[in-house]
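Trainee: I am new to this one. Could you walk me through how its labels are earned?
Mentor: Gladly; have a look at it first.

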Amino acid sequence: MNATEPTRLAAAPLRGARLDLEPLRPGHAAELADALADPALHAFVGGAPLTEPELRARHARMLAGSPDPAVSWCNWVLRLRGSGEAVGTVQATVGPEGAEIAWVVGTPWQGRGLAREAAVALADWLRSRGVPALVAHVHPDHHASAAVAAAAGLAPTEVLQDGERRWQWPR
């Protein structure tokens with residue numbers, strides 16, 4: 001993949017040690033609205049939890065894809081393999097220059113390394129498809145997310161955008 005060839009990736013099923021990463025589907029809104037309902041999840045990024053109808057509408061926009069044919073929107077639901085519970089999401093916006101990645105795990109499942117597992121699986125998948133660079137933006141005080149970014153192979157830069165530090169690979 002390089003800057004002159006179009007980037008068209010579609011989310012494919014991925015597996016971690018304890019998680020299945022399922023490509024996002026319209027039917028995921030109800031369980032994700034519950035899993036991501038804690039307002040504390042927005043402490044660093046702002047906003048508030050989305051209701052099921054709001055999440056359904058957002059998912060419909062995401063699944064419709066980017067209006068830019070050179071950009072792919074890839075989104076997954078994180079599902080615990082043992083219980084089948086939806087516990088969070090990961091996403092990648094992939095363009096010719098690379099991908100911006102993000103993750104969120106619901107409050108009840110935090111502190112178990114699930115975001116790390118999911119972000120590493122996502123980063124490995126993107127690299128295996130020739131994506132030349134990965135970027136994430138992490139609030140400077142969000143130490144757990146910084147640890148996830150580092151585990152996915154990204155390093156912090158001096159660049160701040162909207163109050164968040166840019167992390168990137170390659171370093």
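**Helix 3 and its neighbours**

Mentor: Helix 3 (residues 114-128) has 15 residues, and at 1.5 Å a residue, times one less than the number of residues, it should span 21 Å; its end C-alpha atoms are 21 Å apart, so the two agree. Helices are DSSP runs of H or I with at least four residues, strands are runs of E with at least two, and both are numbered from the N terminus.

Mentor: This is a predicted model, where local features need pLDDT of at least 70, side-chain atom pairs count only at pLDDT 80 or more, and totals for chains, interfaces and linings use all residues. Residues are numbered from 1 along each chain as its sequence is written, and side-chain values use heavy atoms, leaving out hydrogens and water.

Trainee: What makes W125 count as buried?
Mentor: Buried means under 20% relative accessible area, exposed over 50%, partly exposed in between (1.4 Å probe, protein chains only). W125 has 7% relative accessibility, so it counts as buried. W76, at 1%, is buried too.

Trainee: Why is the pair of W76 and W125 called edge-to-face?
Mentor: Rings of Phe, Tyr and Trp (its six-membered ring) pair if their centres lie within 6.5 Å; planes under 30 degrees apart are stacked, over 60 edge-to-face, the rest tilted. A search of the whole structure finds one aromatic pair. The centres of W76 and W125 are 5.3 Å apart and their planes lie at 80°, so the pair is edge-to-face. The pair links W76 in strand 3 (residues 72-80) with W125 in helix 3, 49 residues apart.
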